[in-house]
Amino acid sequence: MDARDRELINALHGGFPVEERPYAAVAGSLGMTEDEVIARLARLLDARMLTRFGPLYDAVRLGGAFTLAAMAVPHERFDEVTEIVNSFPEVAHNYARNHDLNMWFVVATERPEGIGEVLSQIKDRTGLDVLNLPKEEEYFLELRLPA
Amino acid sequence: MSQTLKTTETAVLDPVDRRIVAATQAGLPLDPRPWHRVAEQVGVAPDEVMRRVRRMLETGAIRRIGAVPNHYALGWKANGMSVWDVPDERVGEAGRMIGALDFVSHCYRRPRRPPDWPYNLFAMVHGQARWEVEEAVSHMASLLGPLDRGHTVLFSTKILKKTGLRIAG
């Protein structure tokens, strides 16, 4: 990634225009050509420096529901409980973390009621408490790249 | 610039909107006329796609159109989930303060679950190494001053599962 790539990514944080030739519009503001903008984005995506480029949807506003859940899993049961938690398709990400609450996972469901159902099933099947920590407010910012 | 987003409302999307979501959630075509390519896939006119995308931006169904950097590939190889116990009536102020820092990618208010979990503010902190994340967290603590009634930082020790989130389609 070079300085021009970083300039391009930072410029895209300011918003991507919804018009017929949006890459050309971005290119104009950066003194690049349309082809160069497209080629740079393609290269950054190929090299996995960017995980994606496009509209970023707010899943909650689209009617889905999310939460972050945490469990304190006894060390000797960790693998067994991991298997149970991961067996739920609604569990998208699951991380071991260095805390008494040592298992942290994201649950995503199509309906808001689905969250409670999944968490109570996990509780029943593991016999362990599950803390439900839904996002209540977001203080939203982009990670800025040093130019 | 920081802004606070409410996340409780649901945008009303019709089936055409949902097809646009499905056609673009993996990414926007890298084509000089990307909305035209989306329109072909969805089966409506390009102007109709652009009108609907603008409306989804206005309602917040689309947060923004842009690039998602891969923090790890960009050298931010360490990340820690910092968690803070701040007074409930000042959590917004604290969140905007630490959410504005360059090395913080996500900052959320979440409920406390006493006695196990006294923290009500989460901030994901990125650094090139774990010591850098720890230093960043100390910096955040000094910024928050008396608002910080206790904090810790949790590092991930293992990825147990990671699948993409799918919204529609």
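A nonpolar core is a set of buried Ala, Val, Leu, Ile, Met, Phe, Trp, Tyr and Cys residues joined through C-beta atoms within 7 Å. The views below show a predicted model.

**View 1. The largest nonpolar core draws on chains A and B.** This core has 32 residues. Those with the most contacts inside it are Val37(A), Ile20(B), Val38(B), Val49(B), Val53(B), Ala61(B) and Ile62(B). From chain A, α1 (3-13), α2 (22-30), α3 (34-46) and β1 each give two or more residues. From chain B, α1, α2 (34-42), α3 and β2 do so. The largest share, 4 residues, comes from α3(A).

**View 2. Val53(B) touches residues of both chains.** Its partners in chain A are Val18(A) and Pro55(A). In chain B they are Ile20(B) and Ile62(B). Residues up to four places away in sequence are not counted.

**View 3. Another core lies apart from the largest one.** It has 21 residues. Among them are Met81(B), Trp84(B), Val91(B) and Ala136(B).

**View 4. Strand β1 of chain A pairs with β2(B).** The two strands run antiparallel. They are joined by 7 bridges. In β2(B), Val68(B) is the bridge partner of Arg52(A).

**View 5. Chain B meets chain A.** Here 66 residues of chain B are in contact with 60 residues of chain A. On the chain B side, β6(B) gives the largest share, 9 residues. By class, that side has 32 nonpolar, 20 polar and 14 charged residues.

**View 6. Chain B is divided into two domains.** Domain 1 covers 15-59, and domain 2 covers 78-155. Their centres, taken over C-alpha atoms, are separated by 37 Å.

Notes. Residues are numbered from 1 along each chain as its sequence is written. Chains are lettered from A and ligands numbered from 1 in the order in which they are written. This is a predicted model: local features need pLDDT of at least 70, side-chain atom pairs count only at pLDDT 80 or more; totals for chains, interfaces and linings use all residues. Domain bounds come from an automatic or database domain assignment. Two residues are in contact if their C-beta atoms, placed from the backbone, lie within 7 Å. Ala, Val, Leu, Ile, Met, Phe, Trp, Tyr, Cys and Pro count as nonpolar, Asp, Glu, Lys and Arg as charged, and the others, Gly among them, as polar. Two strands pair if DSSP finds at least two bridges between them. A residue is buried if 20 or more other C-beta atoms lie within 10 Å of its own, exposed if 12 or fewer, and partly exposed in between; C-beta atoms are placed from the backbone.
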